[in-house]
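Hi there,

Here is the structure I promised to pass on. Have a look at it first, then read my notes below.

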Amino acid sequence: MECPNCEKDKLMEVDDIVSEIEGHFFVVKGKRCSNCGEEFVPEKEGQKMVGIARNLGIWGEPLKLHRKLSQSARGTMLRIPNDIEKNMKLKGDEKVLISKIGKNKLLIEIVT
Ligand SMILES: [Zn+2]
């Protein structure tokens, strides 16, 4: 299977992907690219995690997922996690406003 991020055939099955929801850490199974380090959590695992988070009463907005920035010829890229994409029904051609908040936060607003 090819990595959708760097397009190298380096995806490995792993069971130690760490995702954070509201300060709680979840370890889930998925795939990790040994070339660029991008992690992919299958929908089934993502839903399991969300189910647990709901049961614990910690599910809420904002949902924080760890993602790495990546480099392309045109600059630094950020991939929007699938869950958020689905949740917000993003088509991928939306215009966004990006503002810097404080030292280490970015706010991304979808322009509708
Ligand atoms: Zn990759």
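Below is what I found, going from the whole protein down to single residues.

One thing to keep in mind: this is a predicted model.

Let's start with the overall picture. The protein has two helices and seven strands. If you walk along the chain from the N terminus, the elements come in the order β-β-β-α-β-β-α-β-β. The C-alpha trace spans about 40 × 35 × 30 Å along its principal axes. There are 112 residues, and 7% of them count as buried. As for contacts between residues at least 6 apart in sequence, 34% join residues at least 24 apart.

Next, the hairpin of S6 and S7. Strand S6 covers residues 95–101, and strand S7 covers residues 105–111. The two pair in the antiparallel sense, over seven bridges. To find your way around, look for Lys 100, which stands opposite Leu 106 in S7. Three residues sit between the strands, and in this hairpin Gly 102 takes a positive phi near 65°. How many of the seven residues in S6 are buried? Zero, so to speak: S6 is hardly covered.

Last, try Asn 82. You'll find Asn 82 in helix H2, which runs over residues 82–87. Is Asn 82 buried or exposed? Neither, quite: it counts as partly exposed, because 15 other C-beta atoms lie within 10 Å, and a residue needs 20 or more to be buried, or 12 or fewer to be exposed. Compare its position with Val 18: the two are 64 residues apart in sequence and 16 Å apart in space, C-alpha to C-alpha.

Cheers

Methods. Residues are numbered from 1 along each chain as its sequence is written. This is a predicted model: local features need pLDDT of at least 70, side-chain atom pairs count only at pLDDT 80 or more; totals for chains, interfaces and linings use all residues. Helices (H or I, at least four residues) and strands (E, at least two) are DSSP runs, numbered from the N terminus. Two residues are in contact if their C-beta atoms, placed from the backbone, lie within 7 Å. Two strands pair if DSSP finds at least two bridges between them.
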